[in-house]
Amino acid sequence: MKDITAVLVHYSNQKGLDRALQSLRNLEPRLNSVIILQKPGMSLRIIHAYEGRDQVEFIHTKSNDAGETLNNRINFIKSDYLLFLRDPNYLSPSIEAVSLNLPPSKKILVTSCNKQTGIQHPLLVRTSYIQHHKLLSEDELPFNEALFPAWLSTVDNAFKSFKDGLIRQVKRNSSANKKNREEMLSKYNLEKVNTNAPALSVIMANYNMEKYTGTAIESCLLQNEQPEQVLIMDDGSTDGSYRPLLQWHDGEQVKVFRKQNEGKARALNDLLPHVTSAFILELDADDWLDPDAISVIKKQLVHLPKDISVLYGNLRKWKQLEGDVLFKGIAKGAGINGKKDVLSYRFPLGPRIYRTSLLKRQGGFPVTAFEDGRLYEDVSVLNQLIESSRFKYHDFTVYNVREHKESITKNNLSSWNDFLRTLK
């Protein structure tokens, strides 16, 4: 019975696509059709065995968005199952058509892409299930390799059947960029937890970051331990940011607000009355969190001394490219013991986790005379908090900084010395 449609996603070279197509030959008795998603501008070919066959279809993904393209296409697929392969994966030669199956109670056959990384991949999926449980779109993911691992993290384990050794990978040179991506992807496998650690909420102010807010918000929700709240203030955006934000508003865990544009300090201050948790994690609208950020931070909060107003760690830095990001390095944090350390810190201190009571007690984020509080609000609040409390550094890396040309901080570096003079 021809009950499988194979979907091959974003193969970057002819050799990889040829290997993937050849690996499908053992499934021929059940293979109904093959869909090959290509990035814009790619022009790969099919191997000789598939030439002239009606069931092979090439689709160029719009704006490199495989998730959205598949969501639209899947509704028209009549096969009972979808088989997913993504560059650089191909099927193990040991797979036979009769042996590839799912128990009646399961929706997805999951395998691991790489024994060393443990990254999981949905190999065989019931079409009826994914038609209702949609994939994430490109603008909700940190990078496109997260498409399947991130989606799998949203699926109940009761629906998954696990079997290793079903796919292999074409060998490729390793790099820091590849290693850091794989490290993050492996975190989507983590078991869901709910600890008794102090409650932690995320606050975010958005101004004209429409291209990046989806990734920021989804990174809060794709956590192995959920934040108490995700509070978002749109600071009078003019780029159409606000309306897309509303898709996440549920009035309970996620709340979206809007105000006229008055700067980030005021936007964050307007969120503070809605915070009910003991601690607050500030997330910039163009950054994102690792899938274990909340659980890692909460472990640090359990025994945090009561006079600590700010907990912080390291920052993982990425450079925004056209349709992708490039790993730049990890900015390791350092201890801060006074105002001098705050003002001479070599990069923005982060991630910043505030003790809610102490932040509220000192009046929230200062609206300084300099640029009417629209710049360096992070330094202003730290400069005030350090007067009456202590900061604590821990060596953990769960926060990702996106460096891009629209960054407000990047575009105002020349104002830093002027700002420092106002503080002195």
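**Questions on a predicted model**

Biologist: Which residue in β7 is the bridge partner of L83?
Modeller: The model is predicted. In it, strands β4 (residues 81-86) and β7 (residues 120-126) run antiparallel and are joined by three bridges. On β7, the bridge partner of L83 is L124.

Biologist: In what order do the seven strands of the open sheet stand?
Modeller: The sheet is open, and the pairing of its seven strands is mixed. From one strand to the next, the twist averages 25°. The order of the strands is β3-β2-β1-β4-β7-β6-β8.

Biologist: Which strands stand at the edges of that sheet?
Modeller: A strand at the edge has a single partner strand, so one side of it is left without a neighbour in the sheet. Two strands fit this description, namely β3 (56-60) and β8 (160-162).

Biologist: At about what angle does helix α2 run to β2?
Modeller: Helix α2 covers residues 66-74 and lies across β1 (4-9), β2 (31-38), β3 and β4. Relative to β2, α2 runs at about 150°.

Biologist: Is H10 buried or exposed?
Modeller: H10 belongs to the loop between β1 and α1 (14-23). Although not a glycine, H10 has a positive phi of about 50°. The relative accessible area of H10 is 4%, and a residue under 20% is classed as buried. H10 is therefore buried.

Biologist: How does N208 count in terms of accessibility, as buried, partly exposed or exposed?
Modeller: N208 is found in the loop between β10 (200-206) and α6 (213-221). N208 is not a glycine, yet its phi is positive, at about 60°. Its relative accessibility is 25%, so N208 counts as partly exposed.

Biologist: Which residue does a cis peptide bond join to D87?
Modeller: Omega of this cis bond is about 10°. The partner of D87 lies in the loop between β4 and β5 (89-91). D87 is joined to P88.

Biologist: What is omega for the cis peptide bond between G350 and P351?
Modeller: P351 lies in the loop between α10 (339-344) and β17 (353-355). For the cis bond that joins G350 to P351, omega is about -10°.

Biologist: Which helix gives the most to the lining of the second largest pocket?
Modeller: This pocket holds about 890 Å³ of space. Its lining has 32 residues, and those nearest its centre are D87, P88, E145, R172 and K178. At least two lining residues each come from β7, α4 (147-152) and α5 (176-186). With five residues, the most is given by α5.

Biologist: How many residues of α9 are buried?
Modeller: Helix α9 (residues 293-301) is mostly covered. Its covering includes β10, β13 (279-282), β14 (288-289), β15 (308-321), β17 and β18 (390-403). The buried residues are A293, I294, S295, V296, I297, K298 and L301. Of the nine residues in α9, the number buried is seven.

Biologist: Which residues touch the most other members of the largest nonpolar core?
Modeller: Nonpolar side chains tend to be buried together in soluble globular proteins. The largest core has 62 residues. One of its well-connected members, I353, contacts residues beyond four places in sequence, including L200, F279, L301 and F396. Those that touch the most other members are I297, I353 and F391.

Biologist: How many residues are in the other core that lies apart from it?
Modeller: Among the members of this other core are L136, A150, W151 and M184. The number of residues in it is 36.

How values were computed. Residues numbered from 1 in each chain as written. Predicted model: local features only at pLDDT ≥ 70, side-chain atom pairs only at ≥ 80, totals over all residues. Heavy atoms only, no water. Pairing = 2+ DSSP bridges. Helix = DSSP H or I, 4+ residues; strand = E, 2+ residues; numbered from the N terminus. Axes fitted to C-alpha atoms, helices over the stretch in contact; angles between N-to-C directions. Contact = heavy atoms within 4.5 Å. Core = buried A, V, L, I, M, F, W, Y, C linked by side-chain atoms within 4.5 Å. Buried < 20%, exposed > 50% of the residue type's maximum accessible area, 1.4 Å probe, protein only. 1 Å grid on protein atoms, 1.4 Å probe; cavity = no way out; pocket = protein on both sides within 12 Å on 5 of 7 lines; lining within 4 Å. Points joined across faces, edges and corners; volume = space filled by probe spheres on them.
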